[in-house]
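Visitor: I should like a close look at a single part of this model, namely a pair of packed helices. Please describe how the two are arranged, and then place them among the other features of the chain.

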Amino acid sequence: MVGQADLIVINARVWTGDPAAPEAEAVAVTGDRIAAVGRRADVEKLRGDRTAVIDGRGRFLMPGFNDAHIHLMTGGAQLDRVDLKDASTPQEFARRVGERARRSAPGEWVLGGNWDEQQWPGAPLPTRQMIDALTPDTPVLVHRYDEHMSLANSVALRRAGVTSATPDPPGGLVVRDAAGQPTGVLKDAAQAYVSRVVPPPTHDRRVRILERALAHMASLGVTSVQDMGPDPEDLAVYAELAASGRLTARIRAVPAEVPLAASLAAGPIRHPTGPFFRISGAKGFADGSLGSTTALFFEPYADAPASRGLLADEMVPLDQMRSRLVSIDKAGEQLCVHAIGDRAISMVLDLFADVALTNGPRDRRPRIEHSQHVAPADFARYSSLGVIASVQPYHAIDDGRWAERRIGQERAKTTYAFRSFADHHVRTAFGSDWPVAPLDPVQGIYAAVTRATLDGTRPGGWVPEQKVGVAEALEAYTIGAAYAEFQEQNKGTIAVGMLADLVLLSADPLKTAPAALGHLRADVTVAGGRVVYDRVAASGAGR
Ligand SMILES: [Zn+2]
């Protein structure tokens, strides 16, 4: 490497993730790639008058986080919505809705909610009159935190045609005042009267949603995401921001398998393959979720003995699922199938074995998304078939509060079984499943390392035998996730020639008490050699 670097980071404790040279003091970047890694004196040789310098001040520099499983636009839309969770009075509730309406484009819906009237003095249900004066031209539909009720304002009720004459639908209730007029509160099935007239987001709104998601990612040190099953309209937004250089994190979009198989049947597909935006692979579903008792198990649910869960629609008939997966694999695409219950996981492993047998050996890296509850005999099959466990550790400390009631002790032993995967040499990729769980990777690392459930009842960890170490968690969130998208030659380690995607953490996670891991912060985030987030600058204090 000749000439001067564009950026150098000095005085850092560099965790490279590269087994050949695991530690360093400084890193130099030229263009969007890493030009040097090593001792400060060596890196300083590349410093010139145009070189930007970040003083790590002893902090921890690592490869940017790669979230292997998110729902990018759903998460961004959530950031873009009004949040009323801690609005502790009706006045505060109304103020927030009104403020959101003022910031919206004319006629654009205000959505979101999470309100909880039980916090309010006397616990009155909200009414449309509380917000109508603040939202004269803006339709509003905001749901209660449990989503069993929503409040619509008068504009929204008008658009939906809900009047005093509207009947209560089966399974729902239009709450009415003494004069028989709707108050705006719609319970259960009645919410659909209004929700079905909410238009899909416009292109401009999608752009704004993506920009909010990108800012959130940058603030957390996330420089790559793998977006599962995006809407086709969102792909156009990703492409547009990629083309204009506005993506601050790399997006790999994984389209849904059913439509992909249909397009493949019509002829070869040319997917975008740029450094910041690629479409590749195919996302399928084998079952439901543990929370809704639809994850498919071999044995019945402990708390619902009549049920073993449900197969996803696309698994029926199984022959068609198999032939779609075979054709997608034949086209060279990676298979990423959601499977949560042990039986669903076993069936997907069978399908992956069939695919490999039919199409012959190749480096295909099939993934099982979630890989939550694994039958003990199946760990060896993950490893022999080269299947990647794409897991979201935060779910373990969230579901861990109640999962054992649902599946019993025995199955809990191989639930979120990160240690068992490691022991069986199964490649693991970490992700968040945002917005189902927080996007913040240090929360996932905390979860994987401590397994301390959110309710505080298991400080020593739920099924502590399945804990992993901090270094393993960092790997799963960087090189593991990169491998899971065939990008380990470009990302996931700090080494010469790799993409300059970096995060400077507030402290060294390897020297942080496990209980405090979730308090680590991204101080500086670099994507493709460009500083996309700087906590000090973001707080307005200047450097
Ligand atoms: Zn998901």
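Guide: In this predicted model, helix 10 and helix 11 are oblique to each other, because an angle counts as oblique when it falls outside the roughly parallel, roughly perpendicular and roughly antiparallel ranges. The angle between them is about 50°, and their axes lie 9 Å apart. Helix 10 spans residues 318–330, and helix 11 spans residues 342–359. The crossing of helix 10 past helix 11 is right-handed.

The contact itself can be followed residue by residue. Helix 10 contributes Leu318, Met321, Arg322, Leu325, Val326, Asp329 and Lys330. Facing them from helix 11 are Met347, Leu351, Asp354, Val355, Thr358 and Asn359. By character, the residues of this contact comprise 7 nonpolar, 4 charged and 2 polar.

The approach to helix 10 also deserves attention. The loop between strand 18 (282–285) and helix 10 holds proline 317, and the peptide bond from valine 316 to proline 317 is cis, with omega near -10°. A second cis peptide bond runs from tryptophan 434 to proline 435, with omega near 5°. Proline 435 belongs to the loop between strand 22 and helix 16.

That loop leads to the metal site, as aspartate 433 is also in the loop between strand 22 (428–430) and helix 16 (441–450). The zinc ion is coordinated by His69 through NE2, His71 through NE2 and Asp433 through OD, at 2.0 to 2.2 Å. Along the chain these donors show the spacing H-x1-H-x361-D. Histidine 71 sits in the loop between strand 8 (65–70) and helix 2 (72–80), so that the pair of histidine 71 and aspartate 433 links distant parts of the chain, 362 residues apart. Beyond helix 16, valine 463 occupies the loop between helix 16 and helix 17 (470–476); valine 463 has a positive phi of about 50° although it is not a glycine.

Elsewhere, 6 strands form an open sheet of mixed pairing, in the order 9-10-11-12-14-13. Its edges are strand 9 (82–83) and strand 13 (172–176), each of which pairs on one side only. Within the sheet, strand 12 (residues 149–152) and strand 14 (residues 182–188) run antiparallel and are joined by 3 bridges. Leucine 151 has valine 185 of strand 14 as its bridge partner. In the loop between strand 11 (140–144) and strand 12 lies glutamate 147, another residue with a positive phi, about 65°, although it is not a glycine.

Technical notes
Residues are numbered from 1 along each chain as its sequence is written. This is a predicted model: local features need pLDDT of at least 70, side-chain atom pairs count only at pLDDT 80 or more; totals for chains, interfaces and linings use all residues. Side-chain values use heavy atoms; hydrogens and water are left out. Two strands pair if DSSP finds at least two bridges between them. Helices (H or I, at least four residues) and strands (E, at least two) are DSSP runs, numbered from the N terminus. Axes are lines fitted to C-alpha atoms, for helices over the stretch in contact, and angles run from 0 to 180 degrees between N-to-C directions. Angles under 35 degrees count as roughly parallel, over 145 as roughly antiparallel, 65 to 115 as roughly perpendicular and the rest as oblique. A crossing is left-handed if the near helix is turned anticlockwise from the far one by less than a right angle, and right-handed if clockwise. Contact means heavy atoms within 4.5 Å. Ala, Val, Leu, Ile, Met, Phe, Trp, Tyr, Cys and Pro count as nonpolar, Asp, Glu, Lys and Arg as charged, and the others, Gly among them, as polar. Donors are N, O and S atoms within 2.8 Å of the metal (3.2 Å for Na, K and Ca); water is not among the atoms, so sites may look incomplete.
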